[in-house]
Number of protein chains: 4
Amino acid sequence: MFFASDNWAGAHAAINDRLSKESTRFAAAYGNSELDKAVEARFNEIFEKDVSVYFVSTGTAANSLSLASIARVGGVVFAHSEAHVIEDECGAPDFFSGMRMVDVEGAGGKIDPAKLKHRMAGFPQDALHHGRAAAVTLTQATETGTVYSLEEIEAVTAIAREHALPVHMDGARFANALVALGTTPAEMTWKRGVDVLSFGGTKNGCWCAEAIVFFNPDLAKDFGYIRKRSAQLFSKTRFISAQFEAYLQDGLWLNLADHANAMASRLRAGIGALNSARLAWDTTSNEVFAVLSRASAEAARAKGSAFYDWPVPYAMKDLVGSDEILIRLVTSFATTQEDVDQFLSICGAA
Amino acid sequence: MFFASDNWAGAHAAINDRLSKESTRFAAAYGNSELDKAVEARFNEIFEKDVSVYFVSTGTAANSLSLASIARVGGVVFAHSEAHVIEDECGAPDFFSGMRMVDVEGAGGKIDPAKLKHRMAGFPQDALHHGRAAAVTLTQATETGTVYSLEEIEAVTAIAREHALPVHMDGARFANALVALGTTPAEMTWKRGVDVLSFGGTKNGCWCAEAIVFFNPDLAKDFGYIRKRSAQLFSKTRFISAQFEAYLQDGLWLNLADHANAMASRLRAGIGALNSARLAWDTTSNEVFAVLSRASAEAARAKGSAFYDWPVPYAMKDLVGSDEILIRLVTSFATTQEDVDQFLSICGAA
Amino acid sequence: MFFASDNWAGAHAAINDRLSKESTRFAAAYGNSELDKAVEARFNEIFEKDVSVYFVSTGTAANSLSLASIARVGGVVFAHSEAHVIEDECGAPDFFSGMRMVDVEGAGGKIDPAKLKHRMAGFPQDALHHGRAAAVTLTQATETGTVYSLEEIEAVTAIAREHALPVHMDGARFANALVALGTTPAEMTWKRGVDVLSFGGTKNGCWCAEAIVFFNPDLAKDFGYIRKRSAQLFSKTRFISAQFEAYLQDGLWLNLADHANAMASRLRAGIGALNSARLAWDTTSNEVFAVLSRASAEAARAKGSAFYDWPVPYAMKDLVGSDEILIRLVTSFATTQEDVDQFLSICGAA
Amino acid sequence: MFFASDNWAGAHAAINDRLSKESTRFAAAYGNSELDKAVEARFNEIFEKDVSVYFVSTGTAANSLSLASIARVGGVVFAHSEAHVIEDECGAPDFFSGMRMVDVEGAGGKIDPAKLKHRMAGFPQDALHHGRAAAVTLTQATETGTVYSLEEIEAVTAIAREHALPVHMDGARFANALVALGTTPAEMTWKRGVDVLSFGGTKNGCWCAEAIVFFNPDLAKDFGYIRKRSAQLFSKTRFISAQFEAYLQDGLWLNLADHANAMASRLRAGIGALNSARLAWDTTSNEVFAVLSRASAEAARAKGSAFYDWPVPYAMKDLVGSDEILIRLVTSFATTQEDVDQFLSICGAA
């Protein structure tokens, strides 16, 4: 009953097998092996476009170096106030890009287009003192378990396009969003105005597999130097490639995300039926936010469940009663129906 | 016959097995699992001291973040002119530490203590304009295949100590140096004045396993933030821990390095006996530098050998004839006697 | 009728005379002349404490380098959302300090202590992902023309002290605040918990005279290097010293600020009596914010008045009618009664 | 007898008068006054080209921000090993540009073109690990008092051009070099391949007047943001403009440099005739390097002379006897014949 985070899971067997196979041979380092090239080409198929792909070690690196690729002196990056780049990366995006993150509000973890416009107006062209608008970043799926519809993505990127700003997408849970929408990688990204993507595999069945995918080749032209200078060029790069090869083969990645999402649905349905718990807000990916009685939470933890308390958003301060807590539950490729049902049963009995 | 670099090898079976076992279970992320704690404790045993250990993704990260831990505004770091931090990391050490690398000469890839003293004299205390001496870094084994004796390490660290400067050791090939000297990890580091170590496992049988080991706890006190801000905190940290657990168990790491060194010895002996080749200089770790006839080099490559041409050092410009080239040959845990003998045989026949 | 900013004024005659006198002689560079030492000592008297004083070229430099002196990796600095360090310095504070500015709300341009506490709670100790609380900065007088009372300063610094965070004060208009409160420099700073101060002279009668004053000697210990590395060490430092000598002599600086404040009072009183204008909010330093009919504004500008439109704060969006604008009027040592009266008369007649 | 540095002098009367005149009036801040625009236009005349001009506070800022304008991630800048950007700016050029300074040797403080070529070869294209060649900077007049001929400038810039690298010139003593060569500003800069210039006025009669002059408009396009973000945008910019207006009027700047150079010639001639002193090497600008008997040096200092000991270059270690020292003597617009003659007379008598 590990619902603390999808990064508590191990690695999927197919991915592990591919790694094992890779361990026995020699190959060129620093991304120059045939495997590396083959996997890069595979990304072109996945995204129906010639893309530039660079592997890095962490999701924070993927986001930070993506933004570094579009760095402008004095630049500001517009992000949702709860975005990982603002809340959870210890300033790495600022450090690598030399830019400031500017928070934009919006319900459900999504940037509100009207509020984005208003925030941008604070950075008029040539107003040196304020700095200048340089990029927009959005998170898909969001930090609060929701998913932007294609129209919602378009509404944000359209504003960026009006100001000629590149758009980054933080796709740490890209696959979960993709299967939730039932769309294609191309539709969810460059066809909707995304220029560069953090494509995460770690949370969805890999050990360590994060890629930066450039749809806009201009942004990629110095990226080899950016990655090396940022200490993110693996010598044995092919162990990342091997993971991605297995991950992307025969739709494994989509199946894994589908499973995780289904487990989240099962959790949501179960919680909706309990007296001692209720959904805090609706979600559509592999994260569930619930208000739980303290008694249930204690019982669940006592019996081995792992999950995090979640800070109550200021705007929702009346949501949670004094004998209740807000929690986050995250499912993954490795979550089982038994895990879910057992957790619900413990909560229901408490 | 892959002698291009030790990072062309795959992973040792024992390490791969340990990873496979790890893949099937859940555990806490970001270094908080029991395995992570156990491996950290194992480092205490290896180094006979309570150390602080932090995993990072690359050797460049290990060096750069080590130096970031001792960063001083306006600081300069003294390093051998051929050191990896100067020659091969695209400025990452400067970027992460905010300091400048100042080159010191010395024969055989080793810092010459007299020249270090002289270089330091250019940065007298409170001479703001020049900047200030902030650290010394030395590489063990060196980039040119040699190994500092314990006395040679001490001679360098003694000068640093006189100026109260911390000492960093780049140990990308730490194990190879260790077994070459037949000493202990403690003797080769903190007992000889080293404060912080880049401890490399990747070149010696791991997939991706680099650790920063702090002997001086003062340097470690902010390091959690330094690593996270530098985008080097793996979510599934335990996949690094698992590799190190297997690597350090029952002396595997020493056996692997011993083997690599033995293969290099075999190469050296064989080359010494050839007419078409000779050693460029003597080495004692797993790197061999040879002057080879172009004919031999072409023959070897035609038959599948991989190795790099090496730039002829300016001071040795008469070393290499017009029909010869200087090459570097690197052995690893995965190099076989057959590889070595076949390579020598091809060269001898050409 | 120049009310655009106090930095549109020239330099006071006494300051200019002192500069002229300085121009004819030789003296040691880089702050090592006797004059430099004497002026530094003068700051000890002014602040009734042994302080460390460093001159820099701009107010942005003073703020940015002050924060650099307390830089911590992963650190965040709490500032009012309208603070100069957030709104008007193009990211320089972030660049020099390597830290992020985190905005705190509060009425009248002042940090609300309760909101500061709440914001700080988002950065609990050892929560690497969020970063860590590192400093608090407050602006005296504020960007909106108000002045913190001594008790209000204390309320902010007390919270910082609980978390062992240093406090910076942006004193670009320090003198205006000081005479508005009728207190002493010591009372308004270190006696109320301020550790480092940006002490501005430029807006109050100097050409270019900005000082960083350290009350906490620990923060100053590396500052020589910070300033030089930041390209802020003037060779002919004594031309700054000369300005400060005249500025601080016989209370000139206080008299100049008193005059500027008196002119602002006269403006406020006059505006209060007009039909075509009203005060937007109350101020106590040398800035006045007024809602003016567009007709009056046009008339005033047509007759040579200079002043800026001010963006209407979101929370005050109903303050300004469709035929009105919000403006900022700033007075200085060089503003005359005639300027004020003529401006009021034009507005009144329109 | 102040020969310590040309920055020990005050300001020329004409420059001081122009500042005094400026002090009594109001004008727009941040470089937007009519005076600012007029002085910028004056630079076009001086350089016979439409240039972009930006004022900054120090020579270190001029150099560092010039290099920041041509910053490339992973970039290296080739500079003479004794250049100010390497030796005397505490790492500021590295900090602001994010690039590394790579030293090139050459006699007389000038980059040796053959050695520059050789050094560049160490940074082949797309060799990520080494970094990449990004700029060349040369100093005119050099730090050792010599002056590049136009042909020598061309020889350096031609190599840069072959690699499509921008060229920066550190002209802290631009005027002294210019009058020494008897050429025009255009000939010594853009006509010889210079893209951006640090144009110094401070050492030659101003209080504080340093400009960055862009001949290549591409480099200037983001520079407004670079300067503001670097805390180098003066609010009362016009006090710099006023100095430059007087400085550039009626050839004042050339006359002042001519005088300084003439005083240096007088010193050189006098030293050549002494028994107790000799020239260390020949110079052609306003710096003189001499080997002096310790007795003479002590006598001169006892009678009020100020000058610095100079470190003996390693390659010249036999130049200076045990009872001698190497000194630097710098003349300025304010040096008088009497100063020179008195100094020579004291040395001669000792």
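This briefing describes the interface between chain B and chain A. The model is predicted: local features need pLDDT of at least 70, side-chain atom pairs count only at pLDDT 80 or more, and totals for chains, interfaces and linings use all residues. Residues are numbered from 1 along each chain as its sequence is written, chains are lettered from A in the order in which they are written, and side-chain values use heavy atoms, without hydrogens and water.

**Confidence**
- The model has an ipTM of 0.96 and a pTM of 0.97.
- In chain A the average pLDDT (the predictor's confidence in each residue, from 0 to 100) is 96, and 100% of the residues score at least 70.

**Extent of the interface**
- Contact (heavy atoms within 4.5 Å) joins 48 residues of chain B to 48 residues of chain A.
- About 4200 Å² is buried between the two chains, 64% of it from carbon and sulfur atoms; buried area is the accessible area (1.4 Å probe) that two parts lose on being put together, summed over both.
- On the chain B side, F26(B), W207(B) and K236(B) lose the most area to chain A, together 20% of what that side buries.

**Polar interactions**
- Zero salt bridges are found across the interface, the rule being a side-chain nitrogen of Lys or Arg within 4 Å of a carboxyl oxygen of Asp or Glu.
- Between chain B and chain A, 28 residue pairs are in polar contact, both residues at pLDDT 80 or more; a polar contact is a pair of N or O atoms within 3.5 Å, where within protein one must be able to donate a hydrogen and the other to accept it, and residues adjacent in sequence count only if both atoms are side-chain atoms.
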